[in-house]
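Subject: A structure for you to look at

Hello,

I am passing on the structure we talked about, so that you can open it while you read. Please have a look around it before you go through my notes.

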Amino acid sequence: MFDLIVIIRVSEGANIDPVADALSRMRPLCLAEDGCVSWEAYQSHQDPHRFVLVEHWASRADWEAHDAGDAIQKIYIPEIMPHIEREVHPSMRVHRPHEAVTE
């Protein structure tokens, strides 16, 4: 499993709704890609400029192949990237040694 957290900050208020719309349109395209286990976008109630993407991929190779897909090429790069700052964090679930991890 390859897990990814992406933190997005929309620079200008006028771009918040268009970015939210674009993220919403990306979801079904991402979910249809090979190896996409789940893909969710969240918008902060406290700071509407901030979005968090939580992605789970079967493998890092599946996530890397995702870059060539329509979600990235037709929506993310042209509609979202010009309006944001972002942090990309390959991540892993935190659990205590005595807890069973179910996946």
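Below is what was found, going from the overall layout to single residues. Please keep in mind that this is a predicted model.

**The overall layout**

The chain contains three helices and four strands. If you walk along the sequence, these elements come in the order β-α-β-β-α-α-β. Measured out along the principal axes, the C-alpha atoms fill a box of roughly 45 × 30 × 20 Å. The chain has 103 residues, and 28% of them are buried. Among contacts with a separation of 6 or more, 66% are between residues 24 or more positions apart.

**The core and helix 1**

Which residues have the most contacts inside the largest nonpolar core? They are I8, L23, M26, W39, Y76 and I80, in a core of 23 residues. At least two core residues come from each of strand 1 (2-10), helix 1 (16-31), strand 2 (36-43), strand 3 (50-57) and helix 3 (70-80). Helix 1 supplies the largest share, with six residues.

That makes helix 1 a good place to pause. Helix 1 is 16 residues in length and spans 23 Å from its first C-alpha to its last, close to the 22 Å expected at 1.5 Å a residue. Its buried residues are I16, V19, A22, L23, M26 and C30. These buried residues pack against strand 1, strand 2, strand 3, helix 2 (60-66), helix 3 and strand 4.

You could pick M26 and see what surrounds it. Leaving out neighbours within four places in sequence, M26 touches W39, A71, I72, I75, Y76 and I80.

**Salt bridges**

Side chains of opposite charge can pair when their charged atoms come close. How many salt bridges does a search of the whole structure find? The search finds seven, and here are some of them.

- R25 pairs with E79, with the closest N and O atoms 2.3 Å apart. Because R25 is in helix 1 and E79 in helix 3, this pair ties together parts that are 54 residues apart in sequence. R25 is partly exposed, at a relative accessible area of 34%, and E79 is also partly exposed, at 30%.
- E64 and R60 meet through their side chains, at 3.0 Å from N to O. Both belong to helix 2 and are four residues apart, so about one helical turn separates them. E64 is partly exposed, with a relative accessible area of 43%, and R60 counts as partly exposed at 43% as well.
- R50 pairs with D47, and their closest N and O atoms are 3.8 Å apart. R50 has a relative accessibility of 32%, so it counts as partly exposed. A network of salt bridges links R9, D47 and R50.

**The largest pocket**

The largest pocket holds about 200 Å³ of space. It is lined by 15 residues, and those closest to its centre are W63, D67, I72, Y76 and R86. Strand 1, strand 3, helix 2, helix 3 and strand 4 each give at least two residues to the lining. Which element gives the most to this lining? Helix 3 does, with three residues.

Two of these residues appeared earlier in this email. Y76 is among the residues with the most contacts inside the largest nonpolar core, and I72 is one of the contacts of M26.

**The start of the chain and strand 4**

M1 sits in the segment before strand 1. Is M1 buried or exposed? With a relative accessible area of 52%, M1 is exposed, because exposed means over 50%. The C-alpha atoms of M1 and I84 are 27 Å apart, and their positions lie 83 residues apart along the chain.

P90 makes a good partner to look at next. P90 belongs to strand 4 (residues 84-91) and is partly exposed, with a relative accessible area of 47%. Its C-alpha atom is separated by 7.5 Å from that of F2, although the two are 88 residues apart along the chain. Setting aside neighbours within four places in sequence, P90 is in contact with F2, D3 and L4.

If you would like a starting point, try finding R25 and E79, the pair that joins helix 1 and helix 3.

Best wishes

Definitions and conventions. Residues numbered from 1 in each chain as written. Predicted model: local features only at pLDDT ≥ 70, side-chain atom pairs only at ≥ 80, totals over all residues. Heavy atoms only, no water. Buried < 20%, exposed > 50% of the residue type's maximum accessible area, 1.4 Å probe, protein only. Contact = heavy atoms within 4.5 Å. Core = buried A, V, L, I, M, F, W, Y, C linked by side-chain atoms within 4.5 Å. Expected span 1.5 Å × (residues − 1). Salt bridge = Lys/Arg side-chain N within 4 Å of Asp/Glu carboxyl O. 1 Å grid on protein atoms, 1.4 Å probe; cavity = no way out; pocket = protein on both sides within 12 Å on 5 of 7 lines; lining within 4 Å. Points joined across faces, edges and corners; volume = space filled by probe spheres on them.
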